[in-house]
Amino acid sequence: KDCMDRSIPFYTEKIIPEAVSKGKRVLIASHENAIRGILMHLCEIPEENMVDLHLPNGVPLVYSVRRKCISILDDGTGIDPLEKYDFGSAAKFLFRPCELTEDDFYTKD
């Protein structure tokens with residue numbers, strides 16, 4: 001809980017205004033509890049479900065701020081990452097369908 005109390009404000013007060021709002025890509029590499037706190041915030045995971053979320057070591061999760069969803073980088077094995085890794089029963093909060101934006105309907109000329 002203490003880690004989440006630090007990581008969420010850091011994300012909202014530093015990372016969003018200094019990088020995300022300026023269209024920059026951000027790489028966050030940290031220990032599991034800090035990542036869990038940020039994911040709880042981004043994916044709106046209820047705090048009581050956090051104990052059911054497992055984050056495999058070394059698996060890069062990509063969060064799309066624009067589409068509000070998480071994807072996993074393809075490791076080239078051809079195996080579905082959700083079958084390969086155990087994210088726990090709270091995975092349903094992480095891997096929800098992406099929201100569509102206006103950019104998804106228009107082609108650039």
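In this predicted model, residues 24 or more positions apart account for 58% of the contacts with a separation of 6 or more. Of the protein's 109 residues, 29% count as buried. The C-alpha trace spans about 45 × 40 × 25 Å along its principal axes. As for the parts list, there are 4 helices and 2 strands, and reading along the sequence gives the pattern α-α-β-β-α-α.

A good place to start is the pair formed by helix H1, residues 2-18, and helix H2, residues 32-42, whose axes come within 8 Å and cross at roughly 60°. That angle makes H1 oblique to H2, since angles of 65 to 115 degrees would be needed to count as roughly perpendicular and angles under 35 degrees to count as roughly parallel. As for its hand, the H1 and H2 crossing is right-handed.

Which residues do the touching? From H1 come Cys3, Met4, Ser7, Ile8, Tyr11 and Thr12, and they meet Asn33, Ala34, Arg36, Gly37, Ile38, Met40, His41 and Leu42 from H2. Sorted by character, the residues of this contact split into 8 nonpolar, 5 polar and 1 charged. The list of H1 residues also fits a textbook rule. An α-helix has 3.6 residues a turn, so residues three or four places apart point the same way.

Zooming in on the H1 side, Ser7 sits in helix H1. Is Ser7 buried or exposed? With a relative accessibility of 8%, Ser7 counts as buried, because the cut-off for buried is under 20%. Once its neighbours within four places in sequence are set aside, Ser7 is in contact with Ala34, Gly37 and Ile38. Those three partners, Ala34, Gly37 and Ile38, also appear among the buried residues of H2.

On the other side of the crossing, H2 is mostly covered, with 8 of its 11 residues buried. The buried set is Ala34, Ile35, Arg36, Gly37, Ile38, Leu39, Met40 and Leu42. What does the covering? Helix H1 is part of it, and the cover also includes strand E1 (61-64), strand E2 (69-72) and helix H4 (91-94).

Met40 is a handy example from helix H2. Its relative accessibility is 15%, so Met40 counts as buried. Leaving out neighbours within four places in sequence, Met40 is in contact with Met4, Ile8, Ile45, Glu47 and Met50. Two of those partners, Met4 and Ile8, belong to the H1 side of the helix crossing. Met40 can also be placed relative to Leu53: the two are 13 residues apart in sequence, and their C-alpha atoms are 9.8 Å apart in space.

Just after H2 the backbone does something worth a look, as Glu44 there takes a positive phi of about 55°. Glu44 has this positive phi although it is not a glycine. Glu44 lies in the loop between H2 and E1 and, with a relative accessible area of 60%, is exposed. Lys68 has a positive phi of about 55° too, and Lys68 is not a glycine either. Where is Lys68 found? Lys68 lies in the loop between E1 and E2. Its relative accessible area of 46% makes Lys68 partly exposed, because a residue has to be over 50% to count as exposed.

Finally, there are the aromatic rings. How many aromatic pairs does the structure hold? The count is 2. In one of them, the ring centres of Tyr85 and Phe87 are 6.5 Å apart and the planes stand at 75°, so this pair is edge-to-face. Phe87 and Phe95 make up an edge-to-face pair as well, with 5.0 Å from centre to centre and 75° between the planes. Phe87 takes part in the pair with Tyr85 and in the pair with Phe95, and Tyr85, Phe87 and Phe95 form one aromatic cluster.

The members of this cluster can also be sorted by exposure. Phe87 counts as buried, at 3% relative accessibility. Tyr85 is partly exposed, with a relative accessible area of 25%. Phe95 counts as partly exposed too, at 21% relative accessibility.

Definitions and conventions: Residues are numbered from 1 along each chain as its sequence is written. This is a predicted model: local features need pLDDT of at least 70, side-chain atom pairs count only at pLDDT 80 or more; totals for chains, interfaces and linings use all residues. Side-chain values use heavy atoms; hydrogens and water are left out. Axes are lines fitted to C-alpha atoms, for helices over the stretch in contact, and angles run from 0 to 180 degrees between N-to-C directions. Angles under 35 degrees count as roughly parallel, over 145 as roughly antiparallel, 65 to 115 as roughly perpendicular and the rest as oblique. A crossing is left-handed if the near helix is turned anticlockwise from the far one by less than a right angle, and right-handed if clockwise. Contact means heavy atoms within 4.5 Å. Ala, Val, Leu, Ile, Met, Phe, Trp, Tyr, Cys and Pro count as nonpolar, Asp, Glu, Lys and Arg as charged, and the others, Gly among them, as polar. Rings of Phe, Tyr and Trp (its six-membered ring) pair if their centres lie within 6.5 Å; planes under 30 degrees apart count as stacked, over 60 as edge-to-face and the rest as tilted. Buried means under 20% relative accessible area, exposed over 50%, partly exposed in between (1.4 Å probe, protein chains only).
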